[in-house]
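The following report describes the strand pairing, the helix contacts and the main pocket of one protein model. Please consult the sequence and the coordinates alongside the text.

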Amino acid sequence: MNAGFADTVEAVRRALAEQGFGVLTEIDVTATLKAKLDHDMEPYLILGACNPPLAHRALDVDRTIGLLLPCNVVVRADGDSTLVQALDPATMVELTGLSDLALVAADATRRLDAALSGLDVITA
């Protein structure tokens, strides 16, 4: 994205909310590394996004799936642009081998794709 870091973070939050995701956790990697290691790095934020109905469905299939929740979305500065990345929810199915998670993963993928695709519209 050609938007600044702070503007991108806000756009990501809005786009996730439009798809039913709330941000449960926020890890400011830049601040943490500075405080703990006195290391300077570019702005880097991990947002733990959760869609409660999807999380509920996944947990009903397998309680240990919580190890792979929430859906992490990374927003990070990269030169003059800002990158937004998310792990493919199909990873839940691949890592667990539980085919019962396929529909949940597909729904989560559709929603995350819609949120991330919508960012182009927001910044265009």
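Strands β3 and β4 form a hairpin with 2 residues between them, and Gly 79 in the turn has a positive phi of about 65°. Asp 78 stands opposite Ser 81 of β4. Helices (H or I, at least four residues) and strands (E, at least two) are DSSP runs, numbered from the N terminus; two strands pair if DSSP finds at least two bridges between them.

The model is predicted: local features need pLDDT of at least 70 and side-chain atom pairs count only at pLDDT 80 or more, whereas totals for chains, interfaces and linings use all residues. Residues are numbered from 1 along each chain as its sequence is written, and side-chain values use heavy atoms, with hydrogens and water left out.

**Sheet**

The hairpin belongs to an open sheet of 4 strands in the order β1-β2-β3-β4, with antiparallel pairing. Because β1 (22-28) and β4 (81-86) stand at the edges with a single partner strand each, one side of each is left without a neighbour in the sheet. From one strand to the next the twist averages 20°, where axes are lines fitted to C-alpha atoms, for helices over the stretch in contact, and angles run from 0 to 180 degrees between N-to-C directions. The pairings are listed below.

| Strand pair | Sense | Bridges |
|---|---|---|
| β1 and β2 (44-50) | antiparallel | 6 bridges |
| β2 and β3 | antiparallel | 6 bridges |
| β3 and β4 | antiparallel | 6 bridges |

Individual bridge partners can also be named: Asp 28 is matched with Leu 45 in β2, and Ala 49 with Cys 71 in β3.

**Helix α2 and its ends**

Helix α2 (residues 29-37) packs on the sheet and touches β1 and β2, its direction making about 35° with that of β1; contact means heavy atoms within 4.5 Å. Asp 28, the bridge partner of Leu 45, also caps the N-terminal end of α2, with a side-chain oxygen 3.2 Å from the backbone nitrogen of Thr 30. Just after α2 comes Asp 38, in the loop between α2 and β2. Its phi is near 55°, a positive value in a residue other than glycine.

**Largest pocket**

The largest pocket has a volume of about 210 Å³. On a 1 Å grid over the protein atoms alone, a pocket is an open set of points where a 1.4 Å probe fits, with protein on both sides within 12 Å along at least five of seven lines; lining residues have an atom within 4 Å of a point. The volume is the space filled by probe spheres set on the points, which are joined across faces, edges and corners.

Elements giving two or more residues to the lining are β3 (71-78) and α4 (91-96), and α4 gives the most, with 3 residues. The lining divides into 9 nonpolar, 2 polar and 1 charged residues. Among the lining residues are Leu 69, Pro 70 and Cys 71. The peptide bond from Leu 69 to Pro 70 is cis, with omega near -5°, and Pro 70 lies in the loop between α3 (52-61) and β3.

Conventions:
A polar contact is a pair of N or O atoms within 3.5 Å; within protein, one must be able to donate a hydrogen and the other to accept it, and residues adjacent in sequence count only if both atoms are side-chain atoms. Ala, Val, Leu, Ile, Met, Phe, Trp, Tyr, Cys and Pro count as nonpolar, Asp, Glu, Lys and Arg as charged, and the others, Gly among them, as polar.
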